[in-house]
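Subject: Model for your files

Hello,

Please find the model below, with my notes after it.

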Amino acid sequence: LSDYIELHARSAFSFLRGASAPEYLAEVAAKLEMPALAVCDRDGVYGAPRLFGRAKDVGIRSIVGAELTMEDNTVLPVLVESRRGYQNLCRLLSRAHLRSEKGKASTRWDELPEFAEGLVALTGDEEGPLVSAISQRKNPMPVIEELVRMFGKDCCFIEIQRHHLRGEDRLCRTLAQLAERFHLPLLATNGVLYATELDRPENC
Amino acid sequence: MFAVIHIPRFSLQSVLRHEPELIPKPVVLTDPALTKPCITQLTPTARACGICAGMTPSQAMARFGNLVVKTRSLPQEQAAMETLMQTAYAFSPHIEPTAPGVCTIELKGLGMVGRASPRATQLLQQWAAEILRVLKQFHLYGQIGFAETPALALLAAHAAEPILIAEQGKARCPHRAAQDDKTVFVAQSSLQSQRDCALHPRVGELASLPWAGGRTTPNPEGVPPLTLNTPAHGITPQNDFISTLPIEALDLPFESLEILKRWGINTAGAFLALGKDQLAERLGPAIVEIFARLSSHSLRPLKIASPPETFSEEVEFENEIETLEPLLFILRRFIEQLSRRIELLYLVVAELCLKLGLTSGATYERTFTIPSPTGNAETLFRVLHTHLETVRTDAPIATLRLSAKPGRSESHQFGLFETTLRNPNQFAETLARLTALCGSDRVGTPVVEETYRPDTFQMKPPDFRTRAERERSARRPGSQRVPVCKEGGIQRYAPAVSQRLRVGTSRAPVTVSKCVPRGLPMRRFRPPLPARVEICQHRPLRMRSTVFNGVIADVRGPFFSSGNWWENNRWWREEWDIQTADGTLYRIFRAAEEVGETVGRVSCPERAAPVRVAPRAGEAGSQVAPVRATLAPLSLTPCFSEVHERPGDNINCFNSFPVDSESPQRSRMSAAPVTVSNQFERCVPPLPKGEGWGEGEGTGRYPHASELTNCIQPSTVHGEGEERVPLHRCGFEFFVEGVYD
């Protein structure tokens, strides 16, 4: 089996973002010999049942996750670690959808500690709170401190992605330095939007 | 007081408006909408030839062999009506489009209506003559009638030759004054009024008029002859247009008209003398409406309308146009008409829109912004002429539509350091000629495109507005994209744009470009310099170009970018930052798209045929497009080779021709594709003299196409001795984009 597990994939249930169906993602992950696959759809766990069913067939483990749109419009990816975490995630999503208009969701930062149990937080990609702070030339350390305070040091990961883009090295170096400073693990993801290259034209 | 402008034979005049030379000739008009083709309108000359309405065209042609037969055109009628309205609006703001070819004007507030006097009548005549003069410029010949009510003014306009002022006299029926207020209208023919007034200073006995007391037969009711009071205004009535107006002009029902004719009633005056009640008893209540129309007290409110703000002329050619001359002929007339119409509003032409309808169903549309708005027809015509000289249509032209957008004449207040062109229109014409010679994508002002494709720009027509005008238009709502919010350093624009930004590059470049400060300044080579690069494991090892020839000391990259893959013009590229042994930094890239074109230069023939690198077993090809955000495992190694490396790419030369030592060998190898097994150890051949665009090595003479035996056929013949050959067709794949200072 591969050493790599994709922990930040988006299925076609993330409208206008993901392009591949959860079943196809599971099949390709199995073909790449990944032992597990996490799908984090935007503000929902819509693809989780289909991913679970197909992943069981192809012999990989499915991990439930979601991208939470926060009140400051940053996006925080969380992964479910336990049954309790799944319950908390569903409650977070329900609250976020109930206070927003249809099709949108807004999770408040102050309610995260209440439902943080059983969840693992990633710092996210360019829409995540950490990279957003770096992009805005703000101090990123309070963001990490806040995430660590809410989720705990063991359940908070500095997410790093590399898409071979110019200027990416500096961002990756900054994230690595932050991870080292806060003694947080560095988690590599690909920010998957489609399973194979052929699915890319549908990603619009 | 009201005035009515009536354009007789409106449909025919609309058609002949752009062919005024046909107006004095015998011309008839047919309506294709009718089931049976027949003549609906005709010119007086045609009538003099014995042709009358209702004839079939063949019958008319039998009467007169040189008869011109035209077909009714609704677009031209609409344009003529717009012209009529705009002309009327230039004289009064209270206008009503009463009917096709009929416009009613209320004279209230114009300062010409008051107590009737010779002076007021003279003013009205001058005013009407001015209207007719303006209409004549548009080749519309109208008639104008003045009266107290719109209905009477319309009757006066029908009877005018070409101006008729119907003044109200005082005529009362003594024994019926209480129940029926009759009015008597006296008219002045503009052509004879002065002379007749002089000859007959006090002529005005109503009894002498044929429809009142002057007739020999008593009226049916036995009403005693009416007596006419002397008009209070002192104008001597010369003729009563009501009395002489044919009864057919009253639009009576056909049955009533027949009865009245049997009674010997042939004029409106005789009809009025019969009395309303008696006629209503005998001919029905419809007669009452006729009486009300002729009454001076039945004022109907006008439906005031503004003239259309569009200025357009359209024509459907009876014979398809295949050459430029007839098109320019009609365009010149269109421009003259439009320019005059806009001039009526004290404006000038700011924009022209040309639309050509082809027989194939396709349309050609082009908008011309006049740099310095003008009403000069010659200048406007040159703009169109210059452009049309380069236009080639796939099919003949069937319809032509030219519309103009009015604007205010140029009045700029320039700043101290702001200069202007002496003649912007002439400059624009020069640019148009250059565009015709060089192509539209090579003339103008370069503007950076909204794309992630590096160094992408497009040529836009120069903006002749002053800085103040540009700022004013930029402040105008909707004239620019306004960021709706800021999220994490990313400016969010409208949804569609936001999606495009995300889709194009998986959203990452937005953040990266924002978070990373500017690096070293780079001087770009425009166009990029072709180069040959030897690559091993996605790392350039050696490069040969006009700016550098040797081993690459250090490399950063590759950096992938792509876009427009959802369209036909998709592109992708790989970039490297390389450092040479002497410490110079270059940016090179490999692209699959057409990077640029060379004008006047041709490439070596052996580079025309790219060499195929033999794929390994199970490999579809040697070219691998960069793939991001897939499920491929990620690596954090600095050179990223593990991520995009494919089996078999360990030694792979992406060069476009075999990396060999001698030129003759290259020529031979290009004929037969060679499997390159280990180019890594081979040396890079020298670049021929004169190849490339940089300074230094490429200063030699470029070989002419005739000197090459296997040269690529130029895609476009640009001029004598100059061929434009796309670079990607020459086999170049690597390019030097710039050098870091």
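The notes cover two parts of chain B.

This is a predicted model, in which local features need pLDDT of at least 70 and side-chain atom pairs count only at pLDDT 80 or more, while totals for chains, interfaces and linings use all residues. Residues are numbered from 1 along each chain as its sequence is written, chains are lettered from A and ligands numbered from 1 in written order, and side-chain values use heavy atoms, without hydrogens and water.

Helix pair. Helices α13 (residues 324-344) and α14 (residues 377-388) of chain B pack at an angle of about 150°, their axes 10 Å apart. α13(B) and α14(B) are therefore roughly antiparallel (an angle over 145 degrees). On the α13(B) side the contact (heavy atoms within 4.5 Å) includes B:Leu324, B:Leu328, B:Arg332 and B:Ile335; on the α14(B) side, B:Phe381, B:Leu384 and B:His385 are among the residues involved. By class, the contact of α13(B) with α14(B) has ten nonpolar, one polar and three charged residues (Ala, Val, Leu, Ile, Met, Phe, Trp, Tyr, Cys and Pro count as nonpolar, Asp, Glu, Lys and Arg as charged, the others, Gly among them, as polar).

Helix α9. In α9 (residues 254-262) of chain B, the buried residues (under 20% relative accessible area, 1.4 Å probe, protein chains only) are B:Ser256, B:Leu257 and B:Leu260. They cover an arc of only 100° around the axis, so they lie on the same side of α9(B). B:Phe254, B:Glu255 and B:Arg262, on the other side, are exposed (over 50%). The buried residues pack against α10 (268-273), α11 (276-283) and α12 (286-294) of chain B. Just after α9(B), B:Gly264 has a positive phi of about 90°.

Regards

Note on methods: Axes fitted to C-alpha atoms, helices over the stretch in contact; angles between N-to-C directions. Helix = DSSP H or I, 4+ residues; strand = E, 2+ residues; numbered from the N terminus. Parallel < 35°, antiparallel > 145°, perpendicular 65-115°, else oblique. Arc of directions from axis to C-beta.
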